[in-house]
Amino acid sequence: MRTGADHPQRGLELGYARVSTTKQSLERQLDALAAAGIPDTRIYADKKTGTTVERDGLTQLLAYARPGDTIVVHTLDRIGRNLREVLNLVHDLAERGIGVRSLADPLPINTTDEGMGRIAFLLLALFAEMERTFTAERAAHARAVAEANNRHIGRPLAHPAEKIEYARLLKAQGDSLGQIAAKTGIPKTSLHRYLTDTLQEA
């Protein structure tokens with residue numbers, strides 16, 4: 001792991017790549033960083049494994065970076081898991097004199113540029129926040145329309161409605177969960193949910 005002691009006395013471009021699942025590949029991001037002229041020794045990466053959310057690569061990168069350096073990413077969303085995290089990190093880096101540059105955003109970002117690069121970053125942040133708001137509004141509207149029409153909203157039921165009704169009938173007749181599961185083919189865990197919903201509706 002590199003430390004501040006071996007950091008050259010000049011601004012460096014430091015690469016960072018991240019994927020959020022083990023099934024995703026870092027290859028495209030790493031190729032883009034290499035094409036931008038950043039050597040492997042100055043590229044940090046994180047790939048989620050299992051249930052961990054730790055980002056050791058980013059932690060090491062932030063510890064190594066010095067004023068005058070620029071962190072280069074494929075797209076700006078790689079340095080954070082949500083908009084607030086991205087904005088906070090870019091703000092903190094700016095206060096440390098460290099820039100952020102993206103390679104493939106629709107509006108390429110370079111926060112060390114006091115002109116269009118900075119404006120592009122602010123616009124991108126604004127658009128992302130607006131899209132989050134619009135998405136929430138669309139979801140709320142869809143729920144309201146569905147409720148007004150007595151329609152179910154959310155995940156589809158995993159089992160046919162007629163099987164669920166049959167299970168409810170068997171329950172009303174006094175059958176056990178095991179007997180109902182055998183007759184309907186619905187697992188006990190699902191039966192418990194369906195039959196509990198019936199009791200709540202009643």
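This passage walks through the fold of one protein chain, from its overall layout to a few individual residues. The model described here is a predicted one.

A good place to start is the order of the elements. The protein chain contains seven helices and four strands. Read from the N terminus, these elements follow the pattern β-α-β-α-β-α-β-α-α-α-α. Of the 202 residues in the protein chain, 30% are buried. The surface that the protein chain exposes comes to about 12800 Å², and carbon and sulfur atoms supply 55% of that area. Contacts across the sequence also help to picture the fold: among contacts with a separation of 6 or more, 61% involve residues 24 or more positions apart.

The interior comes next. The largest nonpolar core is built from 21 residues, and Tyr16, Leu61, Ile71, Leu76 and Ile79 are those with the most contacts inside it. At least two residues of this core come from each of β1 (13-19), α2 (56-64), β3 (70-73), α3 (83-95) and α4 (116-148). Helix α3 supplies the largest share of this core, with four residues. Another core lies apart from the largest one; this other core has nine residues, including Ile180, Ile186, Leu191 and Tyr194.

Helix α6 gives a closer look at how a helix can be placed. Thr184 belongs to this helix, which spans residues 177-184. Within α6, the residues Ile180, Ala181 and Thr184 are buried. Viewed down the axis of α6, the buried residues fall within an arc of 100°, so they line one face of the helix. A general rule is handy here: an α-helix has 3.6 residues a turn, so residues three or four places apart point the same way. After α6 comes Gly185, which has a positive phi, near 80°.

Thr184 itself deserves a second look. Its relative accessibility is 4%, so Thr184 counts as buried, the cut-off being under 20%. The side chain of Thr184 reaches back to the backbone oxygen of Ile180 at 2.8 Å. A polar atom of the Thr184 side chain also lies 3.2 Å from the backbone nitrogen of Ile186. Leaving aside residues up to four places away in sequence, Thr184 touches Lys163, Tyr166, Ala167, Leu170 and Leu191.

Two loop residues round out the picture. Arg78 sits in the loop between β3 and α3. With a relative accessibility of 17%, Arg78 counts as buried, because the value is under 20%. The side chains of Arg78 and Asp77 are joined by a polar contact of 3.1 Å. Beyond residues up to four places away in sequence, Arg78 touches Tyr16, Arg18, Val19, Gln29 and Val73. Tyr16 is also one of the residues with the most contacts inside the largest nonpolar core.

Is Pro67, in the loop between α2 and β3, buried or exposed? At 63% relative accessibility, Pro67 counts as exposed, because the value is over 50%. Even so, Pro67 has partners elsewhere in the chain: not counting residues up to four places away in sequence, Pro67 touches Arg96, Gly97 and Ile98. The C-alpha atoms of Pro67 and Leu12 are separated by 9.4 Å, with their positions 55 residues apart along the chain.

Note on methods
Residues are numbered from 1 along each chain as its sequence is written. This is a predicted model: local features need pLDDT of at least 70, side-chain atom pairs count only at pLDDT 80 or more; totals for chains, interfaces and linings use all residues. Side-chain values use heavy atoms; hydrogens and water are left out. A nonpolar core is a set of buried Ala, Val, Leu, Ile, Met, Phe, Trp, Tyr and Cys residues joined through side-chain atoms within 4.5 Å. Buried means under 20% relative accessible area, exposed over 50%, partly exposed in between (1.4 Å probe, protein chains only). A polar contact is a pair of N or O atoms within 3.5 Å; within protein, one must be able to donate a hydrogen and the other to accept it, and residues adjacent in sequence count only if both atoms are side-chain atoms. Contact means heavy atoms within 4.5 Å. The arc is that of the directions from the helix axis to the C-beta atoms. Accessible areas come from the Shrake-Rupley method with a 1.4 Å probe; for residues, only the protein chains shown count as cover.
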